[in-house]
Amino acid sequence: MKNDHTMTNQPRREWLKQNAALGAALAGGALPALAQAPTKTGNSASGAAPVRAWQNWAKTEQFQPKSWWVPNNEAELIQRLRAQPAEAIRCVGAGHSFTGLVPTEGSIVSLDRLSGIIHVDRQAMTVRVHAGTRIGVLARALHEQGLALSNQPDIDVQSLAGAMATATHGTGMTLPAIHDQVVGLRMVTMDGQVHECDHKREPELFDAARVSLGALGIITEFTLKVRPRFMLKRRIWLEPLDTLLARAVPKLLSTPRAMHFTESEFHVPRAVGIKCVKEVLATLERRNEVFYPIEFRYVKGDNAWLTPFAGGDYCSIACHAKQGEEYGYLTSDLGPIFRRYGGRPHWGKLHDLGRDELAARYPRLPDFERLRQSLDPQGRLLNKHLKTLMRVSDVS
Ligand SMILES: Cc1cc2nc3c(=O)[nH]c(=O)nc-3n(C[C@H](O)[C@H](O)[C@H](O)COP(=O)(O)OP(=O)(O)OC[C@H]3O[C@@H](n4cnc5c(N)ncnc54)[C@H](O)[C@@H]3O)c2cc1C
């Protein structure tokens, strides 16, 4: 097999040593650890920000938007949507998706200025929060109030809206993905209408909008379930693979990522998770030059329309390639294995499934397509990538 990487073994060892040192520094640390601060995006009173090129964290997606809007509040967002009724737009969070969810021929909207806690309800143990809030910023604010999210992904720089949009998850045998902590949300559709939805008010929209790929409207607020603050202790150990895979790791600490990479992740039914990961490992071993650790996580099922965790509990298997190195094997070599095990791709990570394969794995996709069409008949929120994921031939 061709070896395309350019690194020598020496930098790989140094990299592994650095990351082990980082892990040791964090051992025993308290939650939450804020990995990176939100991006500063201009300061215009009208919400317009300097136009600049955009690229995602992994540098696999780049484009030049027509303009950047960074609204100061929801009213300004609605005003602009109505003032420019034909403009194509895409929302951006922290730009941490590996797929082409953000690039558009139109403008970018960032909710970086709609950040922070709005209200805490201690009786219901919920928090109302602006959708542009970064996960780590929320986790710290909750921590100060003696509260916490029950589960977080392995980094915490994502915006809440961005993370929900792709069904971002952490790990835990009994812990669902973070969109399952949402008990209410507020969304502005392209006609400037505001939809407050939850299990009782517009329940169908609620279940569709919790994992929306940014295709239904702009989410401005969430109400999230929270729990009392807790400590999480990080442990690092070596163990034979078979015994390690037989046990569950209950929680995950969000930590910064010093080195950039490209990633693919599939979610497979829990019953076949170990078998699948063993096949993935055997395939990676044959490539010889793959040195990134793989992530094997547990996610409890939920019922959002586009959740990858519908119909039971899942194992998530994520494989990485260092930025700048060849990464085609993530889809060409590993994709067929995940497909054979009934895997559903993470919406924010590399995969090559087209609409029909996705519809076979995501049974509510046709319902989502119909809802998207009714909320955004002009297809203002559609981009090239979304058109490969869903049927949109009837866009007016
Ligand atoms: C280093 C790294 C570690 C990661 N770790 C994990 C992990 O542990 N678990 C996991 O599941 N994933 C993980 N991911 C993937 C990441 O969590 C998802 O791709 C997530 O969607 C990124 O959030 P973001 O804020 O960067 O959103 P972006 O990538 O900027 O956008 C994602 C989607 O959200 C939409 N969106 C943004 N704001 C709004 C809004 N206000 N209203 C409607 N739609 C909106 C966008 O249009 C887009 O479709 C990781 C990614 C990286 C790079």
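**Reading helix α7 and the ligand shell**

Tutor: This is a predicted model, and a good place to begin is helix α7, whose buried residues are covered by elements that include α6 (241–245), β14 (261–269), β15 (295–299), β16 (314–322) and α9 (335–340).

Student: Which residues of α7 are buried?

Tutor: The buried residues of α7 are Gly273, Cys276, Val277 and Val280.

Student: Why do the buried residues of α7 line one face of the helix?

Tutor: The general idea is that an α-helix has 3.6 residues a turn, so residues three or four places apart point the same way. In this case, when one looks down the axis of α7, the buried residues fall within an arc of 95°, so they line one face of the helix. The face turned away from that buried side carries the exposed residues Ala282, Glu285 and Arg286.

Student: How many residues does α7 have, and what does the helix reach from its first C-alpha to its last?

Tutor: Helix α7, which runs over residues 273–287, has 15 residues and reaches 21 Å, close to the 21 Å expected at 1.5 Å a residue. Just after α7 comes Asn288, which takes a positive phi of about 75°.

Student: How many residues surround the ligand, and which are the closest?

Tutor: The ligand is surrounded by 33 residues, of which the closest are Gly93, Pro153, Gly162, Gly214 and Gly348. By character, the shell divides into 16 nonpolar, 14 polar and three charged residues.

Student: Where does the largest share of that shell come from?

Tutor: Helix α4 gives the largest share, four residues, while β5 (89–92), α4 (160–165) and β12 (218–225) each supply at least two. Seen by domain, the shell draws at least three residues from each of domain 1 (117–230 + 358–389) and domain 2 (237–353).

Key:
Residues are numbered from 1 along each chain as its sequence is written. This is a predicted model: local features need pLDDT of at least 70, side-chain atom pairs count only at pLDDT 80 or more; totals for chains, interfaces and linings use all residues. The expected span of a helix is 1.5 Å times one less than its number of residues. A residue is buried if 20 or more other C-beta atoms lie within 10 Å of its own, exposed if 12 or fewer, and partly exposed in between; C-beta atoms are placed from the backbone. The arc is that of the directions from the helix axis to the C-beta atoms. Two residues are in contact if their C-beta atoms, placed from the backbone, lie within 7 Å. A residue is near a molecule or strand if its C-beta atom, placed from the backbone, lies within 6 Å of it. Ala, Val, Leu, Ile, Met, Phe, Trp, Tyr, Cys and Pro count as nonpolar, Asp, Glu, Lys and Arg as charged, and the others, Gly among them, as polar. Domain bounds come from an automatic or database domain assignment.
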